[in-house]
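Reader: Could you walk me through the terms used for this structure? I would like to see what stands behind each one.

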Amino acid sequence: MSDTAGRSRLRFNPKLFAVAVLASLVLGALLGWVAKQTDAQWLITTLDTIGSTFTKLLSFTVLPLIFTAIVVGINSLRSLGGGRTAARLGGKTALWFAITSLIAVVIGLVIGRLFQPGRGLVIEPDPEKLQAIGEKTQGSWLDLLNGLVPDNLISAFAEGETLQVVFVSLIIGAATYSLGDKAAPFVNFNKAAFEVIQRVLGWIIRLAPLGTLGLIGNAVATYGNEFFLPLVKLIGSTYAACLLVLFAVYPLLLALVAKVSPARFFAKSWTVLQFAFASRSSGASLPMTRQAAENLGVPPSYASFAVPLASTTKMDGCAAIYPAIGSLFIANLFGIQLGWVQYLTIIAVAVFGSIATAGVTGWFTMLTLTVGALGFPPEVVATGIAIAYAVDPIMDMMRTATNVAGQIAVPVIVARSENVLDDEVLDAPSTPPLIGDREPATA
């Protein structure tokens, strides 16, 4: 490790960072409540500006980060044994994505059936939110296929089409892998670009306590209790299902399949889970997620491939749990009866449609894809989502933390199944994931 990285580690105290984020959650909620009670518009505006600025700072790094990470990650697989090994790792990774999504959606359905969110609820959606939801593009299989290939490379980035960027990254990554030394200058450029973006993101992450204060404060000030209390079952269902997956399913799979202690898993991933909860962004958490996987013994070459791919397509919170609970919420809200065929449809969409969650509106795409498959009328869907949208930021924090936990757990499980998990690294003490404090993986 360079002296610069060592000094950076000394300046950035992870324990202090963790305390600061938690304190910001409490202080932000308190300031939001004060702003709501006193109708202090200046405070509401200030909190909104702080939160939105932090979100924008995170967002502008995500697409170039995903592109460079996937290109570098695919080429990093060369050190694990060539194309056949890379294909086998990719296949196992996709299989475990599907297995964990299946478990997560079933848990979402069970919890939804127990809590029955939306039943007996009489509430009118905000007309502006209803209009905004109606103007969004509803998720569908045809739209997914049509939107997979961009008109050109520039438009995919300029229009913020995350799924298209992932598609282009995979194609270019595979092409550079097949070209070998001929593409080395391009791959090296992407390595350097990834490190630059990662360093910039590291600086932004250090603002997380301030951003958290603004995001939480604005949510409380904007929505208050008039929406929170009537929708407490929806929030409770989402949190209960996510917590079960996060603290029961993943630890059980890690212990039984990967032979990894759940305590060690959380000790080495807690910082990134906390950041994911506060930032509500799997993409912005990507470098920390990758480092957490490496700290758990996943080879850097495989982590560089699996984690970037997972950050855009492996979202158990947004793609499995929430569509299941959200569908039940909308059905209960309008008195629609669901049978076993509908439940099986929800499960099938969650398992096979998770790639549709790529992007910042992934939960919306997946939920509308699910209720579309169930045949709900468009006006029912729009009204139901507009009502739930009021408390979406609160639910999204827990969904994102669950997403990121799965993005770490699956590479650990696959690495163990391939006998490439480094137990020496796994057992060794390691500093929590910090941006800019690691050496880049070699291809």
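Reader: What makes residues 54-74 helix rather than strand?

Author: Over residues 54-74 the chain is 100% helix and 0% strand, with the end C-alpha atoms 30 Å apart. Helices are DSSP runs of H or I with at least four residues, strands are runs of E with at least two, and both are numbered from the N terminus. Residues 94-115 likewise come out as 100% helix and 0% strand, and their end C-alpha atoms are 31 Å apart. This is a predicted model, in which local features need pLDDT of at least 70 and side-chain atom pairs count only at pLDDT 80 or more, while totals for chains, interfaces and linings use all residues. Residues are numbered from 1 along each chain as its sequence is written, and side-chain values use heavy atoms, with hydrogens and water left out.

Reader: Which record lists 54-74 and 94-115 under "transmembrane region"?

Author: UniProt does, in an unreviewed entry that also includes 16-34 and 371-391. UniProt positions follow the numbering used here, feature names are shortened, and annotations may be inferred rather than shown by experiment.

Reader: Why is Gln-116 called buried or exposed?

Author: Buried means under 20% relative accessible area, exposed over 50%, and partly exposed in between, with a 1.4 Å probe and protein chains only. Gln-116 has 14%, so it is buried. Its place is the loop between helix 4 (83-115) and helix 5 (127-135).

Reader: And why is Lys-259 called buried or exposed?

Author: Lys-259 has a relative accessible area of 56%, so it is exposed. You will find Lys-259 in the loop between helix 11 (232-256) and helix 12 (262-279).

Reader: What is the phi of each of these two residues?

Author: Gln-116 has a phi near 50°, a positive value in a residue other than glycine. Lys-259 is not a glycine either, and its phi is about 55°. For background, most residues other than glycine have a negative phi.

Reader: What makes Val-110 part of a nonpolar patch?

Author: Patches take residues with over 30% relative accessible area and no salt bridge (a side-chain nitrogen of Lys or Arg within 4 Å of a carboxyl oxygen of Asp or Glu). Like charges are joined within 9 Å, and nonpolar side chains (Val, Leu, Ile, Met, Phe, Trp, Tyr) within 5 Å. Val-110 is partly exposed at 45% and lies in helix 4. With Leu-102, Val-106, Leu-114 and Phe-115 it forms a surface patch of about 420 Å² of accessible area together, computed by the Shrake-Rupley method with a 1.4 Å probe, where only the protein chains shown count as cover for residues.

Reader: How many aromatic pairs are there, and why is Phe-247 with Trp-270 called tilted?

Author: A search of the whole structure finds 5 aromatic pairs. Phe-247 and Trp-270 are 6.4 Å centre to centre, with 40° between the planes. Rings of Phe, Tyr and Trp (its six-membered ring) pair if their centres lie within 6.5 Å; planes under 30 degrees apart are stacked, over 60 edge-to-face, and the rest tilted, which means that 40° is tilted. The pair links distant parts of the chain, Phe-247 in helix 11 and Trp-270 in helix 12, 23 residues apart. Phe-247 is partly exposed at 40%, and Trp-270 is partly exposed at 42%. Both belong to one aromatic cluster with Phe-265 and Phe-266.

Reader: How many helices and strands does the whole chain have?

Author: The protein chain has 20 helices and 0 strands, and buried residues make up 56% of its 443 residues.
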